[in-house]
Amino acid sequence: MRVDFYQLSRDPAEAALPLIARNVMKLGERLLVVSADPQQRQRICQALWSLGEDSFLANGMAGEGQEDRQPILLSEAPQPLNGANFLAIADGQWREGEVPFARTFFLFDDRTVQHARETWRMLRGREGVEHFYWKQEGGRWIQAG
């Protein structure tokens, strides 16, 4: 399992997630985006639909039906009803599914940085887990650890 920690310092999750989701789609994978905040999930949904003038990333909300057909599913729980192997945690609160995801994107900000540090330490002790730390620098993502 690979976990990428993304420290949001300039942009909110709704700005960073479409870029991550686009890269996941290029790999031919499905993505589950998790947040306990329904308003944040709605903002992410809108950002995915309006990625650019000529592009969008189709997505749906868990609980609205046909979850299995969604390339990107937004949910409050880490249950990959769309068959996703990739998980994005948008609200900075670590959670795992019953079956490990191949890759997890853990987005956190200044409010949740302490929880992210604790999560980093917890995962460091697990066998078979690779973790990487990314931070925003001048509008780009730089691997810092």
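## A walk through the chain, starting at Ser75

Let us begin inside the fold: Ser75 lies in strand E4. Here helices (H or I, at least four residues) and strands (E, at least two) are DSSP runs, numbered from the N terminus. You are looking at a predicted model, in which local features need pLDDT of at least 70 and side-chain atom pairs count only at pLDDT 80 or more, while totals for chains, interfaces and linings use all residues. Residues are numbered from 1 along each chain as its sequence is written, and side-chain values use heavy atoms, with hydrogens and water left out.

Is Ser75 buried or exposed? Ser75 counts as buried because its relative accessible area is 8%; buried means under 20%, exposed over 50%, and partly exposed in between, with a 1.4 Å probe and protein chains only. Beyond the residues up to four places away in sequence, Ser75 touches Leu32, Val33, Val34, Ser35, Arg41 and Ala62, where a contact means heavy atoms within 4.5 Å.

Stay in strand E4 for a moment, since Leu73 lies there too. Leu73 has a relative accessible area of 0%, so it is buried. Setting aside neighbours within four places in sequence, its contacts are Leu31, Leu32, Val33, Gly60, Met61, Ala62, Glu67, Leu81 and Asn82. To get a feeling for distance, find Glu130: Leu73 and Glu130 are 57 residues apart in sequence, and their C-alpha atoms are 24 Å apart in space.

Now step back and look at the whole chain. It contains three helices and eight strands, and from the N terminus on the elements follow the order β-α-β-α-β-β-β-β-α-β-β. How closely does the chain agree with a compact globule? For 145 residues, such a globule would have a radius of gyration near 15 Å, and the chain has 14 Å, which agrees. That radius is taken over C-alpha atoms, and the globule rule is 2.2 Å times the number of residues to the power 0.38. Along the principal axes, the C-alpha atoms fill a box of roughly 40 × 35 × 30 Å. Of the 145 residues, 45% count as buried. Among contacts with a separation of 6 or more, 60% come from residues 24 or more positions apart.

What fills the inside? In soluble globular proteins, nonpolar side chains tend to be buried together. A nonpolar core is a set of buried Ala, Val, Leu, Ile, Met, Phe, Trp, Tyr and Cys residues joined through side-chain atoms within 4.5 Å. The largest one here has 24 residues, and Leu31, Val33, Ile72, Leu74, Phe105 and Leu107 touch the most other members. At least two residues of this core come from each of helix H1 (13-26), strand E2 (31-34), helix H2 (38-49), strand E4 (72-75), strand E5 (86-89), strand E6 (103-108) and strand E7 (130-137). Helix H1 gives the most, with six residues. Apart from this core lies another, of 16 residues, among them Val3, Val34, Leu87 and Val113.

Take Ile72 as one example: leaving aside neighbours within four places in sequence, Ile72 is in contact with residues including Ala21, Met25, Leu31, Val33 and Leu48.

Next, move to strand E6, where you will find Phe108. Phe108 is buried because its relative accessible area is 4%. Its contacts, not counting neighbours within four places in sequence, are Phe5, Tyr6, Gln7, Leu8, Gly92, Val113, Ala116 and Tyr133. Gln93, 15 residues away in sequence, is 7.9 Å from Phe108, C-alpha to C-alpha.

Strand E7 holds His131. With a relative accessible area of 17%, His131 is buried. With neighbours within four places left out, His131 is in contact with Val3, Phe5, Trp120, Leu123 and Arg124.

Finally, let us visit two loops. Glu127 sits in the loop between helix H3 (113-124) and E7, and its 82% relative accessibility is why it counts as exposed. Which distance separates the C-alpha atoms of Glu127 and Met1? They are 126 residues apart along the chain, yet the separation is 9.4 Å. Gln66 belongs to the loop between strand E3 (60-61) and E4; although Gln66 is not a glycine, its phi is positive, about 55 degrees.
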